[in-house]
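Please open the model in your viewer and keep the selection panel at hand. The tour below goes from one selection to the next and says what is to be found at each.

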Amino acid sequence: IIDPYVPPEGDARLTSLSKDGLKQKMEKLKQSAASQLAHHKGEPITGLEQLCCEHRLRELEGRRLQVCPGCVKGFLGKDSVKDLDFNKQKLHSLVTERCYPDMVRGNRYKTIRWSFVESLEPPRVVHLRCDSMVNKDNLYGQVTVRMHTRQVLAIYDRFGRLMYGGEQTPKDVLEYVVFERYLVNPYGTWRMHGKIVPEWAPPKDPIIKTVMIPAPALEPSQEYE
Amino acid sequence: RWLASSSLLPLSCIHTSAHLEKLGKWEKKNRVVYPPQLPGEPRRPAAIYHCRRDIKYSHEKMWYLAKLIKGMSIDQALAQLEFSDKKGAKVIKEVLLEAQDMAVRNHNVEFKSNLHIAASISGRGRYVKRIRYHGKGMFGIMKISRCHYFVKLVEGPPPPPEPPKTGFDQAKEYVQQLRNRTLVHTL
C-alpha cells in the first residue's frame, strides 16, 4: 500500500468543534493536498476524476460487498456445501495478489459465514494515491474508502464447531478499505488491496477456545516466579 | 508430510505445497470438512489421523505396542511408551507427540490432554530382499521388513473398558438362543 492513510484518532467519535476535531481537520487538509496532487497525476490517464462521484462510490461499495461473499464462498471447505465452492479465479479477480494470501491463509479447511446487514454511514473516499511501479508507465491508483457497516461473521473449524463470532450478533465495523486499480488498462477493475487498521481500533473479540501459552524455559536451579 | 498451510509464507500463494509422494488414504482423512453444526446439536468430537510410513521395524512386533496403547488416554499412552523397552516404542511416542501438536495447532483442539487413542494400527511396509552371507559359501535371502504405524486421536475422555463376559451372561444368551428357535412345518 503506497503511503498508508493514517485515520484520525476517534474518527467516528469527535465533532469538529472540539480542539481534537480541529487538529483532525488540519491533518485531513494536509492529506487531501497530497490527494489532490495524485488526482491530477492520474487524471490524464483514466477515471480517477470520476471517483468522487457518488455512483462510483456505490460501485466501490458494491465491489466490497461482492468481494466478501466471494470470499465466503471461496472459503467453504470442499465437502461442506456443494453449491458454494472455492472459486480461486473469481477471488483473484476481486482481490489483488497482495491481499489474497492475507485472506486465504489458514482457511482451507474451515467454513466462514459472512453476511452484510446494513450500512450505517455512506462510504466516503478518504485518500487517493497514484503511483508507478517498476517502469514509469505502470500506473496504479489506490483509493482508501471509509466504511461504517454492520456485519455478521462466524468461523467454523473442520468439524463444524464454532470458532469465532456468532451468526446471530451483528457487529458494527468501521474500516478503511484500500482498493487498487491498474490504470493503464482501460478494462481494469477496482480490486480490494488491503485494510488499514488504526491503532486506536477497539480490540477484537477473543476466540472461543482457551489457548496455552508455554512458560519460559527454566534451568533446573531456577524456580518459576 | 502434512501440508504446512498455516505457516507464514511472505507474499506467496498459500497453495504452494511441495508435491511429496502420493498421499495415502490415512493422510487424506484429515482433509474431510464437516458442515457447520446448528447450536442445538451436541458438539462433534474432533478426530485427528496421523501416521508414519516406512519405520524400520517388523509389523508383527509393532502390533504388540499398538495393542497396548489402543484404548488409553494420550497421557497414559505416552507414559507407558516411555518406559517400554522396545525399539518401536520410541517411534510411536514421537508419532503421538506430533499428532498431539498437530491437533492443538491445526485442528482446533482445546486441551491437549483431552485426547484418547481411538485406533492404533500397524501395517506392513515395503519389504526388500538382501543376501545374508553364511559360512562355506552358503547364503540366505534376508528380507528387510518395514512397517507403517497409524493413529487416530479423538477428543474427549477415553471410553470406559467393556466389562468382561461373566458366566451368567453367557448362560442368559444360551437360554435366549433356545427361546428364539421356531418350529418349522408344524402346527
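What follows is a walk through a predicted model, taking strands, salt bridges and nonpolar cores in turn.

**Strands of chain A**

Begin by selecting strand β2 (residues 139–156) and strand β4 (residues 171–182) of chain A, which run antiparallel and are joined by 12 bridges. To find one rung of this ladder, display Y140(A), whose bridge partner in β4(A) is Y182(A). Then add strand β5 (residues 191–196) of chain A, which runs antiparallel to β4(A) and is joined to it by 5 bridges; here Y176(A) has I196(A) as its bridge partner.

**Salt bridges of chain A**

Staying with β5(A), select R191(A) together with E97(A), whose side chains meet in a salt bridge at 3.5 Å, N to O. This pair links distant parts of the chain, 94 residues apart, since E97(A) sits in the loop between α3 (88–94) and α4 (100–104) of chain A while R191(A) belongs to strand β5.

Next, select E121(A) and R146(A), which form a salt bridge whose closest N and O atoms are 2.6 Å apart. E121(A) lies in strand β1 (residues 111–132) of chain A and R146(A) in strand β2, so the pair ties together parts that are 25 residues apart in sequence. Buried or partly exposed: which describes R146(A), with its relative accessible area of 3%? R146(A) is buried, because the value falls under 20%, whereas E121(A), at 29%, is partly exposed.

Before leaving this chain, display E118(A), R150(A) and D172(A), which are linked in a network of salt bridges.

**The cores**

Now move to chain B and select M62(B), I69(B), I92(B), L96(B), Y149(B) and L153(B), the residues with the most contacts inside the largest nonpolar core, which has 29 residues. Among the elements that each supply at least two residues of this core are β1 (47–55), α2 (59–69) and β5 (147–155) of chain B, but α4(B) gives the most, with 8 residues. Centre the view on L96(B), which, leaving aside residues up to four places away in sequence, touches eight residues' worth of neighbours including I69(B), I117(B), V151(B) and L153(B). A second, separate core of 15 residues includes L94(A), Y100(A), M103(A) and M147(A).

**A last pair in chain B**

Finally, select R52(B) and E94(B), which form a salt bridge with the closest N and O atoms 3.1 Å apart. R52(B) is in strand β1 and E94(B) in helix α4 of chain B, 42 residues apart, and their relative accessible areas are 23% for R52(B) and 37% for E94(B).

Conventions: Residues numbered from 1 in each chain as written. Chains lettered and ligands numbered in written order. Predicted model: local features only at pLDDT ≥ 70, side-chain atom pairs only at ≥ 80, totals over all residues. Heavy atoms only, no water. Pairing = 2+ DSSP bridges. Helix = DSSP H or I, 4+ residues; strand = E, 2+ residues; numbered from the N terminus. Core = buried A, V, L, I, M, F, W, Y, C linked by side-chain atoms within 4.5 Å. Buried < 20%, exposed > 50% of the residue type's maximum accessible area, 1.4 Å probe, protein only. Contact = heavy atoms within 4.5 Å. Salt bridge = Lys/Arg side-chain N within 4 Å of Asp/Glu carboxyl O.
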